[in-house]
Structures are given as structure tokens and as C-alpha cells.
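Please go through the structure below with an eye on backbone, rings, sulfur atoms and core. The report takes these topics in turn.

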Amino acid sequence: QVQLVESGGGLVQAGDSLRLSCAASGRTFRSSAMGWFRQAPGKEREFVAAISWSGGGTYYLDSVKGRFTISRDNAKNTVYLQMNSLKAEDTAVYYCAAGSRSVRQLDYDFWGQGTQVTVSS
């Protein structure tokens, strides 16, 4: 069992940066691949980034490559999403998920409650 709590969202201007954190509880975190998804108003939830259990493999949505960086600190049971050069189209609720590095939501076992990111243009 893994419980996930996201934080770090907020209201920023285009071009600004934010770092999201996802704190995990449960002994299986260190062996779990992790992912970030987002859901914009009126749209389906989409994959943003994922990271392998070791941190050695990372995967990104094409539109965030070069701007977003996923990382993890297994000693702190935390996964991060550093978001730079934010755009209005990045506005969404961002969710942390555990259990896979897939782009498919169904492959993940556990989800956080989400944190709102709003980017004003």
C-alpha cells in the first residue's frame, strides 16, 4: 500500500517555475516506478512524466521535454516535478501516481489527490 500527497502547486505567470512534490508513505515506494499526470478543465487526464524505481530512467510527454524534470529521493520517499518556462497550457490539476512508468493511467496502482497549477499568460 502506498499513500501519496502532492504539494507545491499554485498560481504563477507564464515563464515562471514551480516544483511539485509528492510525499509517499509505505515500504514499497523505493521499489515503485512513479509518474505525474495532469488534467486540464474539460480535458482527459494525460501522462506528463515518469521515473523508474532507481531514478535511472525518465520519460516525458513531448510537450514538456526540456522544460520539466522528474526526479526522486528515495531516502525521503519523495518524487518531484520541476517545471520551468511554464505556459498557460500547462494549467491543470497535477496528480502523482505510483506503480508504473507507463503512459497509461490503468497501469498505476495508487494516486494522490492532486495539486492545482495555474499559469496566467
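## Two positive phi angles

Where is the place of N77? N77 belongs to the loop between β7 (68–73) and β8 (78–83). The model is predicted. N77 is not a glycine, yet its phi is positive, near 55°. Its relative accessible area is 18%. The limit for buried is under 20%, so N77 counts as buried. Its contacts beyond four places in sequence are C22, A23, A24, G26, F29 and R30. V64 is 13 residues from N77 along the chain, and their C-alpha atoms are separated by 24 Å.

S85 also has a positive phi, near 50°, and is likewise a residue other than glycine. S85 sits in the loop between β8 and β9. Is S85 buried or partly exposed? With 41% relative accessible area, S85 is partly exposed.

## The disulfide

How many disulfides does a search of the whole structure find? The search finds one. The bond joins C22 to C96, with an S to S distance of 2.1 Å. The torsion about the S-S bond is about -80°, so this disulfide is left-handed. C22 lies in strand β3 (residues 18–25) and C96 in strand β9. The two cysteines are 74 residues apart, and the pair links distant parts of the chain.

Both ends are shielded. C22 is buried, at 0% relative accessible area. C96 is buried, also at 0%. C22 appears again among the contacts of N77.

## Aromatic pairs

The structure holds four aromatic pairs. One of them is F37 with Y108. Their ring centres are 5.1 Å apart. The planes meet at 85°, and over 60 degrees counts as edge-to-face, so this pair is edge-to-face. F37 belongs to strand β4 (residues 34–39). Y108 is in the loop between β9 (92–98) and β10 (110–111). The residues are 71 apart in sequence, so the pair ties together separate parts of the chain. F37 is buried, at 0% relative accessibility. Y108 is buried as well, with a relative accessible area of 5%.

F37 also pairs with W111. Here the centres are 5.0 Å apart and the angle between the planes is 55°, which makes a tilted pair. This pair links F37 in strand β4 with W111 in strand β10, 74 residues apart. W111 is partly exposed, at 28% relative accessibility. F37, F47, Y108 and W111 form one aromatic cluster.

## An arginine over two rings

Which rings does R45 lie over? One is Y95: R45 lies over its face, 3.9 Å from the ring centre. The other is W111, with the charged end of R45 sitting 4.7 Å from the ring centre. W111 thus carries two kinds of contact: a tilted pairing with F37 and the charge of R45 over its ring.

## Nonpolar cores

In soluble globular proteins, nonpolar side chains tend to be buried together. The largest nonpolar core here has 27 residues. Which of its members touch the most other members? They are M34, W36, L81, M83 and Y94. The elements giving two or more residues to this core are β3, β4, β5 (46–51), β7, β8, β9 and β11 (115–120).

Y94 has a long contact list, not counting residues up to four places away in sequence. The list includes W36, L81 and M83. It also includes L20, V48, F68 and V117. Polar and charged partners are present too, among them E6, R38 and T115. F37 is another contact of Y94.

Apart from the largest core lies another, of five residues. Among its members are F37, F47, A50 and A97. F37 and F47 belong to the aromatic cluster too.

## Summary of key residues

- F37: buried, a member of the aromatic cluster and of the five-residue core.
- W111: partly exposed, with R45 over its ring.
- N77: buried, with positive phi.
- C22 and C96: joined by a disulfide.

Definitions and conventions
Residues are numbered from 1 along each chain as its sequence is written. This is a predicted model: local features need pLDDT of at least 70, side-chain atom pairs count only at pLDDT 80 or more; totals for chains, interfaces and linings use all residues. Side-chain values use heavy atoms; hydrogens and water are left out. Rings of Phe, Tyr and Trp (its six-membered ring) pair if their centres lie within 6.5 Å; planes under 30 degrees apart count as stacked, over 60 as edge-to-face and the rest as tilted. Helices (H or I, at least four residues) and strands (E, at least two) are DSSP runs, numbered from the N terminus. Buried means under 20% relative accessible area, exposed over 50%, partly exposed in between (1.4 Å probe, protein chains only). A charge sits over a ring if NZ of Lys or CZ of Arg is within 6 Å of the ring centre and within 35 degrees of the ring normal. A disulfide is a pair of cysteine sulfur atoms within 2.5 Å. A nonpolar core is a set of buried Ala, Val, Leu, Ile, Met, Phe, Trp, Tyr and Cys residues joined through side-chain atoms within 4.5 Å. Contact means heavy atoms within 4.5 Å.
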